[in-house]
Amino acid sequence: MSNSKRAVPDTLPLLRDRIDSIDSQIQLLINERASCAQKVAEVKLAEQGDDSVVFYRPEREAQVLRRVMERNEGPLGNEEMAKIFRQVMSSCLALEKPMRIAFLGPEGTFTQQAALKHFGKSIVSAPMAAIDEVFREVESGAANYGVVPVENSTEGVVNHTLDSFRDSQLKICGEVEERIHHHLLMSPNINSDDVTHIYSHQQSLAQCRAWLDRYWPHAERVAVSSNAEAARLAADAGRNGRAVAAIAGEIACELYGLLKVSANIEDRPDNTTRFLIVGNQEVPASGKDKTSLLISAKNEPGALYHLLAAFERHGVDMTRLETRPSLMSRWGYIFYIDFVGHHSDDACSTVIEELRERASEVKVLGSYPVAVL
Ligand SMILES: C=C(O[C@@H]1C=C(C(=O)O)C=C[C@H]1O)C(=O)O
């Protein structure tokens with residue numbers, strides 16, 4: 001006992017020396033990596049030319065991160081290690097020019113959180129007021145990519161996002177999943193007993209419905225444009241002595257200086273939202289991909305059955321099917337289908353060909369790497 005006590009002051013400086021020396025090696029290696037990435041960028045510039053050059057390669061980044069996770073032996077966990085490499089790549093890419101990423105804002109939304117998770121922190125993030133504005137910002141070239149929510153495990157599909165693909169030529173370049181934790185937030189200068197209204201986005205109110213019924217049955221639920229906006233309104237109200245609460249996530253809580261009165265109030269502990277990355281790029285196969293299609297079916301008996309049969313015939317695994325009204329004809333429908341694989345894979349391209357024979361329109365919204373983080 002007394003020996004090990006005496007050993008600590010001797011080993012602590014030694015361990016710290018060792019850490020210092022490892023850090024300087026890591027730093028050298030990171031810069032060596034960054035120089036390599038710069039050279040890759042020069043090659044891309046020479047090959048593609050000034051105007052059309054695309055530095056960001058989603059399939060390559062997914063492969064790098066998957067390899068990091070595969071070879072990881074700990075003690076750091078796979079995801080933790082991948083997050084570190086995520087940021088290293090983000091910094092390397094930003095050496096060219098930080099990418100401008102439009103997302104469903106305002107500042108502090110889960111979509112912003114998803115954008116940072118997918119691209120790392122070395123980006124310029126551009127909050128947009130609505131999902132179709134995110135699409136427009138990318139279509140006009142003002143932003144390199146956009147991030148929009150597409151489905152939540154508790155509340156289902158985000159219709160605005162699916163509908164935006166009807167008239168857009170943008171491609172899906174990636175997906176990212178985010179565990180969604182909601183908190184009840186209030187301004188520190190109000191009394192929770194006085195609260196009569198709870199603000200949040202309609203999706204978040206729905207994801208906390210049972211909790212609200214149980215603990216706040218008499219508070220009026222007010223749907224606003226985003227949960228970050230709800231947090232901003234609650235902070236504003238608090239400054240004016242009005243007792244309003246908000247349901248929002250961690251970054252909105254910090255951003256608006258609110259007090260977390262109840263944490264993790266979502267009804268389902270596995271509450272997860274999936275987001276899509278949209279851009280102007282066709283992403284080559286990464287080895288583990290997904291494809292999204294938009295299909296306008298002919299209005300005839302068995303139309304959906306025949307579409308689905310093509311997947312079964314060629315052993316392609318369909319992961320999602322959503323239906324939206326077509327708007328072109330009354331009671332006509334558009335189907336959104338996700339399946340495992342890249343549209344250039346043999347089985348997938350055969351399925352797409354067969355769907356084209358049956359449907360009035362088949363639009364490949366994109367093939368993209370399955371979310372790594
Ligand atoms: C370096 C490259 O360009 C970018 C940077 C990457 C990286 O830092 O590893 C990976 C893919 C691209 O987004 C590349 O294409 O290899």
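Two strands count as paired if DSSP finds at least two bridges between them. In this predicted model, strand β7 (residues 197-201) meets that condition with β8, the two being joined in the parallel sense over five bridges. One residue of the pairing can be picked out by name: H201 has V224 as its bridge partner in β8.

The two strands belong to an open sheet of five strands, whose order is β8-β7-β9-β6-β10 and whose pairing is mixed. At the edges stand β8 (220-224) and β10 (259-262); each has a single partner strand, so one side of each is left without a neighbour in the sheet. From one strand to the next, the twist averages 35 degrees. Helix α9 (residues 227-239) lies across β7, β8 and β9 (244-248). Relative to β9, the helix α9 runs at about 155 degrees.

The sheet is one part of a chain of 373 residues. In total, the secondary structure of the chain comes to twelve helices and 15 strands. Taken along the principal axes, the C-alpha atoms fill a box of roughly 85 × 60 × 45 Å. Buried residues make up 45% of the chain. Of the contacts with a separation of 6 or more, 76% are between residues 24 or more positions apart.

Aromatic pairs give examples of links between parts that are separated in sequence. A pair of aromatic rings is described by the distance of the centres and the angle of the planes. Rings of Phe, Tyr and Trp are taken as a pair if their centres lie within 6.5 Å, and by this rule the count comes to six aromatic pairs. In one of them, the rings of Y56 and F119 have their centres 5.3 Å apart and their planes at 50 degrees, so the pair is tilted. Y56 lies in the loop between α1 (2-48) and α2 (58-71), while F119 lies in helix α4 (residues 110-119), so the pair ties together parts that are 63 residues apart in sequence. Y56 and F119 are both buried.

Another aromatic pair, F135 with F165, is edge-to-face, at 5.1 Å centre to centre and 85 degrees between the planes. Because F135 lies in helix α5 (residues 131-139) and F165 in the loop between α6 (159-164) and β5 (171-179), this pair ties together parts that are 30 residues apart in sequence. F135 and F165 are buried as well. Y56 and F119 also form one aromatic cluster with Y145.

Helix α5 also holds E137. Is this residue buried or exposed? E137 has 17% relative accessibility and therefore counts as buried, the limit for that class being under 20%. Not counting residues up to four places away in sequence, E137 touches R100, A102, M128, A142 and A143.

Y56 appears again at the ligand. The residues that surround the ligand are R33, V40, K44, F55, Y56, R57, R60, E61, M89, C92 and L93. Three of these side chains can be described by a distance to a ligand oxygen atom. For R33, an N or O atom of the side chain is 2.8 Å from an oxygen atom of the ligand. For K44, the corresponding distance from a side-chain N or O atom to a ligand oxygen atom is 2.8 Å. For E61, a side-chain N or O atom is 2.7 Å from an oxygen atom of the ligand.

Key
Residues are numbered from 1 along each chain as its sequence is written. This is a predicted model: local features need pLDDT of at least 70, side-chain atom pairs count only at pLDDT 80 or more; totals for chains, interfaces and linings use all residues. Side-chain values use heavy atoms; hydrogens and water are left out. Rings of Phe, Tyr and Trp (its six-membered ring) pair if their centres lie within 6.5 Å; planes under 30 degrees apart count as stacked, over 60 as edge-to-face and the rest as tilted. Helices (H or I, at least four residues) and strands (E, at least two) are DSSP runs, numbered from the N terminus. Buried means under 20% relative accessible area, exposed over 50%, partly exposed in between (1.4 Å probe, protein chains only). Axes are lines fitted to C-alpha atoms, for helices over the stretch in contact, and angles run from 0 to 180 degrees between N-to-C directions. Contact means heavy atoms within 4.5 Å. A residue is near a molecule or strand if one of its heavy atoms lies within 4 Å of it. A polar contact is a pair of N or O atoms within 3.5 Å; within protein, one must be able to donate a hydrogen and the other to accept it, and residues adjacent in sequence count only if both atoms are side-chain atoms.
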